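Visitor: I would like to learn how to read burial and helix packing from a set of coordinates. Could we work through one case together?

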Amino acid sequence: ARLTLNFLFSRANENLRAILLSLKPYNLTTFVHAIRSQVELNALIQKFIQDEDYHKKNLNLNEDRAKQKELDTVININTLVHKLGESLLPYTKTYNDLSLLLHPNPTAIRFYAQADGEPTNDKSGIFRPQIKYYFNETIAPTEQHKSWFDGYLWFFLSSIEHFIILTDSLKNDFFLDEQEEKM
């Protein structure tokens with residue numbers, strides 16, 4: 001139970017750190033990933049609030065999918081985000097807009113991350129990328145970019161505040177079964 005809560009707080013902490021690192025100079029990839037990650041985290045916590053046993057089903061489905069019924073599947077993250085809706089924050093619109101910047105994921109990573117590198121010396125064929133963490137070449141520090149980043153930054157800070165409210169609303173101990181609860 002504590003590990004699950006620690007994971008939720010650690011993930012939010014990493015998102016916050018990523019946002020801070022992506023502001024000077026502007027790092028579009030890190031910035032967008034951190035915001036999308038926070039939206040996904042809030043959506044997951046909302047699901048935990050609505051369905052206190054969801055974590056048990058989710059963990060069991062990921063253990064051995066072959067033993068599960070065809071109708072028992074893990075809920076797609078887009079479904080969870082869309083259930084957050086637009087009433088408190090423009091979650092769905094923001095998530096969809098930012099997702100367009102990073103797709104298709106596999107082919108866009110080299111462009112956005114500007115990864116260069118060579119295979120390892122052990123001749124295993126494994127690629128060891130050298131990633132530029134700050135993308136001055138990708139996002140120039142213009143007034144238009146500052147305005148764009150500032151707008152999404154306010155959304156992100158509001159989503160962090162909502163994360164705290166959601167986490168405070170959790171009534172779930174995240175135990176898998178009675179045996180784990182007694183430990």
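Visitor: Is N96 buried, partly exposed or exposed, and what is its relative accessible area?

Guide: In this predicted model, N96 has a relative accessible area of 32% and is therefore partly exposed, since that value lies between the 20% cut-off for buried and the 50% cut-off for exposed. N96 is found in helix α5, which covers residues 91–102, and its C-alpha atom is separated by 9.1 Å from that of R36, a residue 60 positions away along the chain.

Visitor: How does N15 compare with those cut-offs, and is it buried or exposed?

Guide: N15 has a relative accessibility of 0% and so counts as buried. The place of N15 is in helix α1, and, once neighbours within four places in sequence are set aside, N15 is in contact with A34, S37, Q38, L41 and F156.

Visitor: How should the packing of two helices be described?

Guide: Two packed helices are described by the angle between their axes together with the distance between those axes. Here α1 (residues 2–21) and α2 (residues 28–50) pack at an angle of about 155°, with their axes 8 Å apart. Because angles over 145 degrees count as roughly antiparallel, that is how α1 lies relative to α2. The crossing of these two helices, α1 and α2, is left-handed.

Visitor: Which residues make the contact between α1 and α2?

Guide: From α1 come L8, R11, A12, N15, A18 and I19, while α2 contributes T30, F31, A34, I35, S37, Q38, L41 and I45. Sorted by class, the contact of α1 with α2 has 9 nonpolar, 4 polar and 1 charged residues.

Visitor: At what angle does α1 pack with α7, and how far apart are their axes?

Guide: The angle between α1 and α7 is about 165°, and their axes are 12 Å apart, so these helices too are roughly antiparallel to each other. The crossing in which α1 passes α7 is left-handed. In this contact L8, F9, A12, N15, L16 and I19 of α1 meet L153, F156, I160, F163 and T167 of α7, and the residues divide into 9 nonpolar, 2 polar and no charged.

Visitor: What span should helix α7 have, and how far apart are its end C-alpha atoms?

Guide: At 1.5 Å a residue, the 27 residues of α7 (residues 143–169) should span 39 Å, and the end C-alpha atoms are 39 Å apart, which agrees.

Visitor: Which residues of α7 are buried?

Guide: The buried residues in α7 are F149, Y152, L153, F155, F156, S159, I160, H162, F163, L166 and T167.

Definitions and conventions
Residues numbered from 1 in each chain as written. Predicted model: local features only at pLDDT ≥ 70, side-chain atom pairs only at ≥ 80, totals over all residues. Heavy atoms only, no water. Helix = DSSP H or I, 4+ residues; strand = E, 2+ residues; numbered from the N terminus. Expected span 1.5 Å × (residues − 1). Buried < 20%, exposed > 50% of the residue type's maximum accessible area, 1.4 Å probe, protein only. Axes fitted to C-alpha atoms, helices over the stretch in contact; angles between N-to-C directions. Parallel < 35°, antiparallel > 145°, perpendicular 65-115°, else oblique. Left-handed = near helix turned anticlockwise from the far one by under 90°. Contact = heavy atoms within 4.5 Å. Nonpolar A, V, L, I, M, F, W, Y, C, P; charged D, E, K, R; others polar.
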